[in-house]
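Trainee: I should like to examine one part of this structure closely, namely its salt bridges. Please explain where they lie and how exposed their partners are.

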Amino acid sequence: MEKLTTPVLTDDPTAASRKRDHIALAFQSQISDADDRFYYEPMLAPHPQRGSLPPFSFLGKTLRAPIWIGSMTGGSALAGRINENLARACKDFGIGMGLGSCRQLLYSDQYFSDFDVRKWVGDDLPLYANLGVAQVEKMIDRKETGQIRRLLDRLRADGLIIHVNPLQEWLQPEGDRFRAAPIETIQTALGFADYPIIVKEVGQGFGYESLKALLQLPLAAIEFAASGGTNFAKLELLRGDAEKRAIFGPLALIGHSAKEMTGLTNLLLIELGDRVACKEIIVSGGIRNFLDGYYYINALQTRAVYGQASAFLQYAQGAYENLFNFMQAQVAGLELATAFLRIKK
């Protein structure tokens, strides 16, 4: 007679298949290089709930996540869609955004719609226009600085990012030549501007003396744009001829990483003390993932967010759903890191 068996009831119906996976993948799951930037503290918090990141003030507005969408693009077939998707992500996740260079808007409205994203960002989150220090210098020389105010008004932007890029301009076939040191141009701009100003580099970062000078100015923020992300000196060399690349190629290797700039900034915050006028930082350049961002914003001894450009660009070119899913994963990662990771000082 066939023996009857009573089925075992379980609240874990996938247990058997999961255990088979564990056996099959055990050897592939071993690692040799641990991330030694963090203390892992598994005892001190439950799993985070979605939306558990605390809101905080940055650039005078309230953000829901410490993320900044770095300056992108305009004036191309894909630019309108890219900027719309990025702006929608700002609204959905409570983060800020810097536009790509708005230089062409000073002279033509042809691509204005590519940059006109306030309607998607909303009024409660920071949106900054962007001009190169060369353009600002020229407008000062020509007594045309009112154009900047008009640009910000048309875009309904909260302020201006001035990007500083002497190596890029020198190597660019169509590049400008600075007649004044960028710090002098920025000091002059602060004298007439009735709007906040952020200063950023374009992929090689700032050294000790430049950071020291910038931290003592009443800037809204400094953006690192450190070495490790898109290197615009190298980009311009790739656009040029082979002889120029051979001669000036070593310049693309010059720069400062986000790690180095974080250390320099912390040293300067101590050294300068009460002379520090700029107290907000956007860490960008070589930020590969949310763990990099989480590390740097917590390592800095002042208020900070982290920015990515190329990673967002990758997901912003297609359907908005792709960018939304990427952003949702970024925020979930930050929530998990906040619950269980503490950085090693």
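Mentor: The following account takes the salt bridges pair by pair and ends with a network.

This is a predicted model, in which local features need pLDDT of at least 70 and side-chain atom pairs count only at pLDDT 80 or more, while totals for chains, interfaces and linings use all residues. Residues are numbered from 1 along each chain as its sequence is written, and side-chain values use heavy atoms, with hydrogens and water left out.

As general background, side chains of opposite charge can pair when their charged atoms come close. A salt bridge is counted when a side-chain nitrogen of Lys or Arg is within 4 Å of a carboxyl oxygen of Asp or Glu. By this criterion the structure holds 14 salt bridges.

One of them joins Arg156 to Asp116, with their closest N and O atoms 3.7 Å apart. This pair links distant parts of the chain, 40 residues apart: Arg156 belongs to the loop between α6 (146-155) and β7 (159-163), and Asp116 to the loop between α3 (112-115) and α4 (118-121). Such helices (H or I, at least four residues) and strands (E, at least two) are DSSP runs, numbered from the N terminus. The partners may also be described by their accessibility: buried means under 20% relative accessible area, exposed over 50%, and partly exposed in between, with a 1.4 Å probe and protein chains only. Arg156 is partly exposed, at 43%, whereas Asp116 is buried, at 15%.

A second pair consists of Arg118 and Asp158, whose side chains meet in a salt bridge of 2.8 Å, N to O. Here too distant parts of the chain are linked, since Arg118 is in helix α4 and Asp158 is in the loop between α6 and β7, 40 residues apart. Arg118 counts as buried because its relative accessibility is 3%; Asp158, at 23%, counts as partly exposed.

A further salt bridge connects Glu223 with Lys200, the closest N and O atoms being 3.8 Å apart. Glu223 lies in strand β9 (residues 221-223) and Lys200 in strand β8 (residues 197-200), so this pair ties together parts that are 23 residues apart in sequence. Glu223 is buried, with a relative accessible area of 2%, and Lys200 also counts as buried, at 10%.

Finally, salt bridges may share partners: in this way Asp35, Arg37, Arg288 and Asp292 are joined into one network.
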